Amino acid sequence: MASRQTAKNEGMGATNARGALLKQERALQTRQTVLAAAAEMFAEHGFPAVTVMHVAESAEMTKGAVYFHFANKEALAKAVVDEFYRRLPLIMASALEMGLPPLQAVAEVLHRTALAFKDDRVIQAGARLQIERSYIDAELPTPFTAFQATIEELFSQANEEGSLRYPLPPEAYARVLVAAFFGAQHISWVQCSRSDIEDRVREIIEAVIPDRG
Ligand code: LUB
């Protein structure tokens, strides 16, 4: 009798644990759906114009469901920007993993980042939210530092290998490229929804590092 009781309790425990896990997974999925909808809205309309209601409607959820995961619009913006800074290093790493010589790696990093700006709503939203950061009452990371550091490291490697056949120090080339890239993606965005971003970035690479090995 006692052992049957124990078996029954264990059985229930397992069911509850499975139930809790399923609930957790569903909650995580809901959060992802809300985040994707917020990215879409922020990328398209900008922080000032978006309301939590817009995000809820776009996610096809109630406002209550959104508020269950995010305290307010600022928290939504912060979460999108955090996701932007989670994805950006992954994009850079995917280029670095190819094991190219450093200046070719710079070109590959810029090319892959350009594609992400063209296709990825979180990347588009993150860039827009950083421009609008003075309107957002939340702590957002300082923009451009990680990206600049990665490019700079590659130029330093090129310099040490003696393959930097250019007059400026490595960090200056990193600054020039980051500024040119950001300017190009912005102009491409406002002029043609980034449809020519790849061409513009290819142009920048040719202009700044034509001899990249
Ligand atoms: C990236 C942006 C937009 C760098 O902070 C950052 O690293 C970035 C913030 O607005 O793009 C790519 C030049």
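Is E60 buried or exposed? E60 counts as exposed, because its relative accessibility is 75%; exposed means over 50% relative accessible area, buried means under 20%, and partly exposed is in between, with a 1.4 Å probe and protein chains only. Before going on, keep in mind that this is a predicted model, where local features need pLDDT of at least 70, side-chain atom pairs count only at pLDDT 80 or more, and totals for chains, interfaces and linings use all residues. Residues are numbered from 1 along each chain as its sequence is written, and side-chain values use heavy atoms, with hydrogens and water left out.

**Around the ligand**

Let's look at the ligand. The residues around it are F84, Y85, L88, F117, A127, Q130, P143, F144, F147, F181 and F182; a residue makes this list if one of its heavy atoms lies within 4 Å of the ligand. On its own the ligand has 340 Å² of accessible area, and the protein covers 99% of that. Such areas come from the Shrake-Rupley method with a 1.4 Å probe, and for residues only the protein chains shown count as cover.

The shell splits into 10 nonpolar residues, 1 polar and no charged. Here Ala, Val, Leu, Ile, Met, Phe, Trp, Tyr, Cys and Pro count as nonpolar, Asp, Glu, Lys and Arg as charged, and the others, Gly among them, as polar.

Which helices supply at least two residues each to this shell? They are helix 4 (73-96), helix 6 (121-131) and helix 8 (170-192), and helix 4 gives the largest share, with 3 residues. Helices are DSSP runs (H or I, at least four residues), numbered from the N terminus.

**Polar atoms that meet**

A polar contact is a pair of N or O atoms within 3.5 Å; within protein, one must be able to donate a hydrogen and the other to accept it, and residues adjacent in sequence count only if both atoms are side-chain atoms. Here are some of these pairs:

| One side | Other side | Distance |
|---|---|---|
| Y85, side-chain N or O atom | ligand, oxygen atom | 2.5 Å |
| F144, backbone N or O atom | ligand, oxygen atom | 2.6 Å |
| E132, side-chain polar atom | F47, backbone nitrogen | 2.7 Å |
| Q185, side chain | R194, side chain | 2.9 Å |

E132 is in the loop between helix 6 and helix 7 (145-161), and it counts as buried because its relative accessibility is 10%. Q185 belongs to helix 8, and with a relative accessible area of 1% this residue is buried too.

**Two unusual backbone angles**

Most residues other than glycine have a negative phi. E60, though, has a positive phi near 55°; you'll find this residue in the loop between helix 2 (52-59) and helix 3 (63-69). F144 isn't a glycine either, and its phi is positive at about 75°. F144 sits in the loop between helix 6 and helix 7 and counts as partly exposed, because its relative accessibility is 37%.

**Along the chain and through space**

How far apart in space are the C-alpha atoms of A39 and V109? The distance is 23 Å, and in sequence the two are 70 residues apart. A39 lies in helix 1 (residues 2-45) and is buried, because its relative accessibility is 1%.

V176 and V208 are 32 residues apart along the chain, with 8.3 Å between their C-alpha atoms. V176 is part of helix 8, and at 39% relative accessibility this residue counts as partly exposed.
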